[in-house]
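Here are a few short exercises to work through with the model open beside you. Try each task before reading its solution.

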Amino acid sequence: MRKKARGVESLRRRYGYSFVAHWVLGLIVFFFIPLVSSIRYAFSEITITGKGFEFSYVGLENFKVALFQNAEYLDLVRDSIGSMFYSLPMIIALSLILAVLLNQKYPGRAIMRVIFFLPVIIESSVIVNLLAGPSINASIFDFSAEGSGFIDYSSIFANLNLPTQITDFLTFFLSNTVSLTWNCGVQIILFLAGLQGIPASLYEVSKIEGANKWDEFWQITVPMLRHVLSLVIIYTMISQFTSANNKVVATATGLMKDIKYNMASAMLWFYFIIVLIVIGIVLALYNHYCLKKWD
């Protein structure tokens, strides 16, 4: 019996390896090899010859050019980080509110869920390129920090004599409401999965104790979503930092089109390090001030 059990386990293990092998092969070919190549590009001077690329090691020279000779690069990195800190709390708040609403029981709930997840499907297809083309004026597909530009909110708030920090925040929020909602699809799905895992008995007990909906939200819903919330934070930050409309990514893409792979790689690797530091700081603050409190 033991030999038979071992034979079944071995067979299941081989099946598992066969299913994973395709993913591992794709990971090596399409991720690790380009990753190693980009590191080589960042520390080299590339010369195109008839035989292909020739590399000469230049150390940190490409990074020095990007940081000290490129007048726009550091400003782009700063704007990217600032835009992320503006959009992160808005996206999380919007997706959580929408997830709570979509989790309620009412006619047509499934249709509403599909509608809010459609942007994720459409954005990853050729449809968005057609809608954003010159033949159709589809400004809702503009995910840049400037927003759609239908209304000049900055001029309106300037007449109210509000502090600059509040004016910038409100202008960004109102100008990008549609774009921020468009980017909430995956986050809504994650929050919905977390909400459905909360035991209904907790809400029943809270009603017996006399808690209202506001108390239930902050004392039950949010603490029970603490681990899902950390996942949403990581996903949202990475999504914002690596978006095709991110100015740093767009600049590096333009350099690659001009066959300046060394400069593009140096810019992206420095940006990658900054992104890791920012994500680490945000997660450390979240774990210290939120997770420990809710646990």
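**Exercise 1: the nonpolar core**

In this predicted model, the largest nonpolar core has 44 residues, and those with the most contacts inside it are Tyr73, Phe191, Ile233, Met237, Phe241 and Tyr271. Find which helices each supply at least two residues of this core, and which helix gives the most.

Solution.
- Step 1: The helices that each supply at least two core residues are helix 2 (61-69), helix 3 (73-102), helix 9 (185-196), helix 12 (226-241), helix 13 (247-257) and helix 14 (261-294).
- Step 2: Helix 3 gives the most, with 13 residues.
- Step 3: Now look around Tyr271. Setting aside neighbours within four places in sequence, Tyr271 is in contact with Tyr73, Val77, Ser80, Phe241, Asn246, Val248 and Val249.

**Exercise 2: classifying aromatic pairs**

The whole structure holds 11 aromatic pairs. Classify the pair formed by Phe31 and Phe32 as stacked, tilted or edge-to-face, then do likewise for Trp214 and Trp218.

Solution.
- Step 1: A pair of aromatic rings is described by two quantities, the distance of the centres and the angle of the planes.
- Step 2: For Phe31 and Phe32 the centres are 5.3 Å apart and the planes stand at 75 degrees. Planes over 60 degrees apart count as edge-to-face, so the Phe31 and Phe32 pair is edge-to-face.
- Step 3: Trp214 and Trp218 are 5.8 Å apart centre to centre, with 65 degrees between the planes, and this pair is edge-to-face.
- Step 4: Place the tryptophans in the fold. Both Trp214 and Trp218 lie in helix 11 (residues 213-224), 4 residues apart, about one turn of the helix.

**Exercise 3: buried or exposed?**

Assign Phe31, Phe32, Trp214 and Trp218 to an exposure class.

Solution.
- Step 1: Recall the cut-offs: buried is under 20% relative accessible area, exposed is over 50%, and partly exposed is in between.
- Step 2: Phe31 has 44%, so Phe31 is partly exposed. Phe32, with 39%, is partly exposed.
- Step 3: Trp214 has 59%, so Trp214 is exposed, whereas Trp218 has 42% and is partly exposed.

**Exercise 4: the hairpin and its surroundings**

Work out how strand 1 and strand 2 pair, and which residue of strand 2 is the bridge partner of Thr47.

Solution.
- Step 1: Strand 1 (residues 44-49) and strand 2 (residues 52-57) pair in the antiparallel sense over 6 bridges.
- Step 2: These strands form a hairpin with 2 residues between them.
- Step 3: The bridge partner of Thr47 is Glu54.
- Step 4: Turn to Phe55. Tyr41, Phe53, Phe55 and Tyr261 form one aromatic cluster, and Arg40 lies over the face of Phe55, at 3.8 Å from the ring centre.

Technical notes
Residues are numbered from 1 along each chain as its sequence is written. This is a predicted model: local features need pLDDT of at least 70, side-chain atom pairs count only at pLDDT 80 or more; totals for chains, interfaces and linings use all residues. Side-chain values use heavy atoms; hydrogens and water are left out. A nonpolar core is a set of buried Ala, Val, Leu, Ile, Met, Phe, Trp, Tyr and Cys residues joined through side-chain atoms within 4.5 Å. Buried means under 20% relative accessible area, exposed over 50%, partly exposed in between (1.4 Å probe, protein chains only). Contact means heavy atoms within 4.5 Å. Rings of Phe, Tyr and Trp (its six-membered ring) pair if their centres lie within 6.5 Å; planes under 30 degrees apart count as stacked, over 60 as edge-to-face and the rest as tilted. A charge sits over a ring if NZ of Lys or CZ of Arg is within 6 Å of the ring centre and within 35 degrees of the ring normal. Two strands pair if DSSP finds at least two bridges between them.
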